[in-house]
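Trainee: Could you take me through one part of this model closely, starting from the packed interior and working outward? I'd like to see how the pieces connect.

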Amino acid sequence: MSTSVHHPPPPSSTEPHILDNAAWAALTGPHAHLAERVGRAARYPTDVSPFTALEDPADPRAWDDLAALVGPGTVTPVTAVQTVPGGWETEDGGEGVQMVDTALYAEPAPEAVRLGPADVPEILGLIALTQPGPFLPRTVELGTYLGIRDRGRLIALAGERLRPPGWTEISAVCTHPDHRGRGLATRLVRAVAAGIRERGDTPFLHAAASNTHAIRLYESIGFTLRRRTRFALVRTPDGQPEGRGRDETRGRNEQVAEQPEEKE
């Protein structure tokens, strides 16, 4: 089934848009079954996604809950925040853009195959080569991932990541360097979008603000810039709020902004 134009519902003029805090909306919505949560903070399991989220980044209690969730002295990525509370340290940060489908022509790709757990080693190899953004051993559990193979070898990939109610993020868009310029990533984006549309969601995606090539490509196929975004790697205070306890988790996480490498 092919679709041509799909306009996202207009946001309320008085309420924040659900995509302003997409990770929280996903972790407390369609991905709640994957969420690890303490009060006003949530995250994905560390082998699924590096995303953590706060119900309200302006609420100090949410930051206390995040410290309890990930442990003292731990580096973790957060999104939708401008400043961090006292005692927290910002280790790194970056700017991104959020784009939504407003005029994308979506259609299945007959040559695309559905990827699953058995394909993870090959997916991780392609991700390491092309660097589109973080992909972990269980990331395939977040949604549908499609690939294109050439003589049995995986050469292109795209799939679904965050899933706030009514929306699904297209992510992990990449093509092997030896096979760029053939429009493989665009075909996969259209195919992933077709599946998203079929269940009634609207596609959206993120890109690094510095990745002007990817932004121009996405605009050319029907995505529109919605807002600029910011992510930060923050370190929790060395001590935890009284009465809270949690095992310390793994160290530094990867950047969460997508940086697609496809060159048309």
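Mentor: Happy to; what follows is a walk from the main nonpolar core to the strands around it, and then on to the open and closed spaces. Please keep in mind that this is a predicted model.

Let's set the scene with the whole chain. The protein chain has 264 residues, of which 53% count as buried. Its secondary structure consists of 5 helices and 11 strands. Among contacts between residues at least 6 apart in sequence, 77% join residues at least 24 apart.

Now to the core itself. The largest nonpolar core has 29 residues, and those touching the most other members are Met 99, Ile 170, Val 173, Leu 188, Val 189, Tyr 218 and Phe 223. At least two residues of this core come from each of strand 5, strand 7 (145–150), strand 8 (153–160), strand 9 (167–175), helix 4 (184–198), strand 10 (202–208) and helix 5 (212–220). Helix 4 gives the largest share, 9 residues. As background, nonpolar side chains in soluble globular proteins tend to be buried together.

Val 189 is a handy residue to click on. Leaving out residues up to four places away in sequence, Val 189 touches Ala 158, Ile 170, Val 173, Tyr 218, Ile 221 and Phe 223. There is also a second, separate core, with 17 residues that include Tyr 44, Phe 51, Leu 162 and Phe 204.

One of the neighbours of Val 189, Ala 158, leads us to the strands. Ala 158 lies in strand 8, opposite Leu 146. Strand 7 and strand 8 run antiparallel and are joined by 6 bridges. The two strands form a hairpin with 2 residues between them, and Arg 151 in the turn has a positive phi of about 50 degrees. On strand 7 there is a further pairing, as strand 6 (residues 113–115) joins it in the antiparallel sense over 3 bridges. In that pairing, Leu 115 stands opposite Tyr 145.

Stay with strand 8 for a moment, where Glu 160 is also found. Glu 160 counts as buried because its relative accessibility is 4%, under the 20% cut-off. Apart from neighbours within four places in sequence, Glu 160 is in contact with Leu 142, Gly 143, Thr 144, Tyr 145, Thr 168, Glu 169, Val 192, Ile 196 and Arg 199. Tyr 145 in that list is the residue that stands opposite Leu 115.

Next comes strand 11, which has pairings with two other strands. Strand 5 (residues 89–101) pairs with strand 11 in the antiparallel sense over 12 bridges; here Gly 96 has Thr 229 as its bridge partner. Strand 4 (residues 75–79) also runs antiparallel to strand 11 (residues 223–235), with 5 bridges between them. Within that pairing, Thr 79 is matched with Phe 231.

The loop between strand 4 and strand 5 holds Val 84. Val 84 is classed as partly exposed because its relative accessible area is 27%, which falls between the 20% and 50% cut-offs. Aside from neighbours within four places in sequence, Val 84 is in contact with Trp 63, Thr 90 and Val 234. Val 84 and Pro 60 are 24 residues apart in sequence, while their C-alpha atoms are 9.2 Å apart in space.

Strand 11 also brings us to the largest pocket, which holds about 430 Å³ of space. Its lining has 29 residues, with Asp 20, Asn 21, Thr 79, Ala 80 and Arg 227 nearest the centre. Helix 1 (22–27), strand 5 and strand 11 are the elements that give two or more residues to this lining. Strand 11 provides the largest share, 5 residues. By class, the pocket lining has 13 nonpolar, 8 polar and 8 charged residues.

Last, the closed space. The structure holds 1 cavity of 30 Å³ or more, and the volume of the largest cavity is about 40 Å³. The residues lining the largest cavity are Val 48, Ser 49, Pro 50, Phe 51, Pro 134, Phe 135, Leu 136, Thr 139, Leu 142 and Arg 161. By class, these are 7 nonpolar, 2 polar and 1 charged residues. Two of these names have come up before: Phe 51 belongs to the second core, and Leu 142 is in contact with Glu 160.

Notes
Residues are numbered from 1 along each chain as its sequence is written. This is a predicted model: local features need pLDDT of at least 70, side-chain atom pairs count only at pLDDT 80 or more; totals for chains, interfaces and linings use all residues. Side-chain values use heavy atoms; hydrogens and water are left out. Two strands pair if DSSP finds at least two bridges between them. Helices (H or I, at least four residues) and strands (E, at least two) are DSSP runs, numbered from the N terminus. On a 1 Å grid over the protein atoms alone, a cavity is a set of points where a 1.4 Å probe fits but cannot get out, and a pocket is an open set with protein on both sides within 12 Å along at least five of seven lines; lining residues have an atom within 4 Å of a point. Grid points are joined across faces, edges and corners, and a volume is the space filled by probe spheres set on the points. Ala, Val, Leu, Ile, Met, Phe, Trp, Tyr, Cys and Pro count as nonpolar, Asp, Glu, Lys and Arg as charged, and the others, Gly among them, as polar. A nonpolar core is a set of buried Ala, Val, Leu, Ile, Met, Phe, Trp, Tyr and Cys residues joined through side-chain atoms within 4.5 Å. Buried means under 20% relative accessible area, exposed over 50%, partly exposed in between (1.4 Å probe, protein chains only). Contact means heavy atoms within 4.5 Å.
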